[in-house]
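Me: Please take a close look at a single part of this entry, the site of the metal ion, and then set it against the rest of the chain. A connected account would be preferred to a list.

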Amino acid sequence: MKYIFVIILLFLFTPLAYSQTKPSTAFVSPFDFPLLMSGNFGELRTDHFHSGLDFKTQGISGKKLFSIGEGYISRILVTHGSGYMLHVRYNNGYTAIYRHLSRFVSPIAERVEDDQYKNETWEVLIIPDSIEYPVHSGQQIAWSGNTGYSFGPHLHLDLFETESGDYVDALPFYKHLIEDTCAPVLQSIMFFPRSGKGIVNGKEERQAFTLPITGCIETWGVIGIGVKAYDYMDETTNRYGVHTVSLLIDNKEIFRSVVDRFSTEESRMIYSWTYHSYMKSFMEPGNKLRMLQTFNDQNGLITIDEERDYQFTYVLKDLYGNTSIYPFTVRGKPQPFTQPDYKNKFYLERDKMNSLSEPGLELHIPKGSLYDNVLLNNEILLDSGAVSFTYQLNDEPIPMHTYGDLYVGVRNKIVADSAKYYIARIGKNGKTTSLGGKYENGFMKTQVRELGTFTVRVDTVPPQIKEINPRQWKNTGKIIFKVEEKETDIAAYRGTIDGKYVPFAWEIVTNRIVYPVNPHKIKKGVKHTVELSVTDTCGNKGKIMMDVIL
Ligand SMILES: [Zn+2]
């Protein structure tokens with residue numbers, strides 16, 4: 001019986017998943033060695049979906065990178081986030097982005113370096129026209145690397161539709177080159193009882209059940225559920241995002257996610273779809289992700305109002321059709337639940353403009369910015385000696401889709417220079433992050449995209465700069481400094497040799513500022529004066545100057 005059920009399910013899900021992901025034109029491999037992936041399309045990241053495929057590069061940088069098709073180089077960039085990168089616009093309607101490269105090829109490499117010296121900045125943006133750098137399928141366009149926000153040598157390859165700008169999964173083009181016989185694995189299921197409307201095993205809070213589920217799950221009222229699940233592939237130990245998740249109740253499909261496309265605008269909606277690593281099987285009103293579909297009249301929420309067993313089934317599937325099926329039972333059992341207490345708390349409705357006002361705090365949230373209506377657990381933490389009060393808008397930060405204007409009053413102006421003040425977001429562990437801000441009439445003003453805990457702090461400490469093994473610089477050909485900025489963030493930096501600008505790279509993962517010495521510009525084996533200054537967002541400037549043989 002169970003076997004027949006499985007067969008029916010496979011029939012139900014196969015056609016759609018394939019028709020959406022079938023490539024219309026071919027691309028070739030970006031490398032001349034076997035392809036293995038360390039990350040797939042749409043993997044969950046904290047504030048975005050992973051937009052491309054991460055290809056392993058055999059543990060090293062400097063692999064020859066080949067164009068995957070016919071087209072032209074449409075953008076050449078050097079950025080702190082993605083390092084050296086190229087956009088290639090292909091004739092078949094797609095544009096590829098190659099990120100974290102170590103080097104460009106000639107004559108692009110020379111042009112980028114010229115630009116860095118001319119504009120006196122390491123970051124580069126060049127937009128060539130369609131005839132400047134045509135590329136053929138299989139032509140070398142760069143060397144792979146580990147630059148930018150990268151934690152090991154790999155190639156990040158994005159594919160987007162040139163016309164719509166939508167990021168799409170590139171794996172359908174490379175499926176035949178990569179083996180995958182592993183089905184996704186469901187780790188745990190989370191229940192989200194609706195506030196004042198639902199309850200699970202006597203509790204009104206979120207509850208997770210690790211698989212295999214032992215014992216009975218008893219619920220009543222309106223609930224949502226979600227899954228924590230990962231996919232796997234042959235010959236790697238990495239884990240990946242799950243392509244298709246489907247939820248059935250009593251054999252009727254309620255929800256389906258097919259992770260195959262999203263726009264830049266949609267990417268932040270990951271905050272609405274997911275709760276930590278859990279993918280919800282229901283949609284909040286502000287969640288407009290096209291990858292998600294619900295098939296009941298409650299956007300995937302479920303009303304349990306009969307005293308009986310409900311048969312739940314999760315079906316997880318990857319792009320290769322590897323499928324896993326997880327049936328479990330939820331028992332309908334009446335349980336009393338409490339009504340939320342609205343006294344002294346803010347209740348915000350997402351289809352209205354919301355203005356919050358407390359002594360020393362103002363917050364204006366544009367209409368539609370919230371993903372759902374929300375009752376805040378707001379509180380003011382008074383500390384009369386501090387620069388400002390600390391405002392908890394909610395104990396667990398609630399993300400918003402667009403920015404709201406936040407004003408926090410400065411009660412004790414302990415430093416005269418108003419540039420030294422900043423609004424700090426206080427995390428769960430007490431860790432603060434700077435949100436910058438401007439001083440205006442006794443208030444600090446900034447923009448926020450979440451309802452968390454905020455206060456005003458002061459930063460008068462300049463970034464600390466330390467040279468790393470300067471005696472080695474002559475041999476390694478690399479000048480390396482390490483920067484420590486405790487309170488706020490690095491806003492700008494500038495390095496010179498003998499008073500002339502040189503393009504130092506700021507490596508954001510390690511907070512090192514590095515210049516690989518160009519022997520055509522800097523004479524080898526003689527003493528030079530190296531200088532580096534780093535400024536933080538409050539305008540505090542740190543400086544180092546040293547004489548060293550290069
Ligand atoms: Zn990546």
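Reply: Donors are taken here as N, O and S atoms within 2.8 Å of the metal, or 3.2 Å for Na, K and Ca; water is not among the atoms, so a site may look incomplete. The model is a predicted one: local features need pLDDT of at least 70, side-chain atom pairs count only at pLDDT 80 or more, and totals for chains, interfaces and linings use all residues. Residues are numbered from 1 along each chain as its sequence is written, and side-chain values rest on heavy atoms, with hydrogens and water left out.

The spacing of the donor residues of the zinc ion in sequence is H-x3-D-x101-H. His 50 and His 156, which are 106 residues apart, link distant parts of the chain: His 50 belongs to the loop between strand S1 (37-39) and strand S2 (52-56), whereas His 156 belongs to strand S11 (residues 154-161). Strands (E, at least two residues) and helices (H or I, at least four) are DSSP runs, numbered from the N terminus.

At the level of atoms, the zinc ion is bound by NE2 of His 50, ND1 of His 156 and two OD donors of Asp 54, at 2.1 to 2.8 Å. The angles among the four donor atoms run from 51 to 147 degrees, and the site is classed as irregular. Four donors would count as tetrahedral if all angles lay between 85 and 135 degrees; four count as square planar, and six as octahedral, if opposite donors are over 155 degrees apart and all others between 65 and 115, and anything else is irregular. His 50 and His 156 are both buried; buried means under 20% relative accessible area, exposed means over 50%, and partly exposed lies in between, with a 1.4 Å probe and protein chains only.

The loop between S1 and S2 also holds Glu 43. This residue is buried, with a relative accessible area of 10%. Beyond its neighbours within four places in sequence, Glu 43 is in contact with the zinc donor His 50, and also with Ser 38, His 48, Phe 49, Arg 239, Tyr 240 and Gly 241; contact means heavy atoms within 4.5 Å. The C-alpha atoms of Glu 43 and Val 242 are 7.5 Å apart, although 199 residues separate the two in sequence.

Phe 49 appears again among the contacts of Met 291, together with Arg 256, Ser 257, Val 258, Val 259, Asp 260, Arg 261 and Phe 262, leaving aside neighbours within four places. Met 291 sits in the loop between strand S20 (278-280) and strand S21 (292-294), and its relative accessibility of 4% makes it buried. From Met 291 to Phe 262 the C-alpha distance is 7.3 Å, across 29 residues of sequence.

A further buried position is Thr 95, at 3% relative accessibility, in strand S6 (residues 94-101). Its contacts outside four places in sequence include Asp 158, Leu 159 and Phe 160. Thr 95 and Leu 159 are 64 residues apart in sequence, yet 5.7 Å apart between C-alpha atoms.

Two cis peptide bonds merit attention in the backbone. One runs from Ser 106 to Pro 107, with omega near 5 degrees, and Pro 107 is in the loop between strand S7 (103-104) and helix H2 (108-119). Another runs from Leu 211 to Pro 212, with omega near -5 degrees; Pro 212 is in the loop between strand S14 (207-210) and strand S15 (217-230).

For the chain as a whole, there are six helices and 44 strands. The radius of gyration is 27 Å, close to the 24 Å that the globule rule gives for 550 residues, so the protein is as compact as a globular protein of that length; the radius is taken over C-alpha atoms, and the rule is 2.2 Å times the number of residues to the power 0.38. Buried residues account for 51% of the 550. Of the contacts between residues at least 6 apart in sequence, 68% join residues at least 24 apart.

The domain assignment lists domain 1 (36-173), domain 2 (185-332), domain 3 (347-458) and domain 4 (464-549); such bounds come from an automatic or database assignment. Taken over C-alpha atoms, the centres of domain 1 and domain 3 are 38 Å apart.
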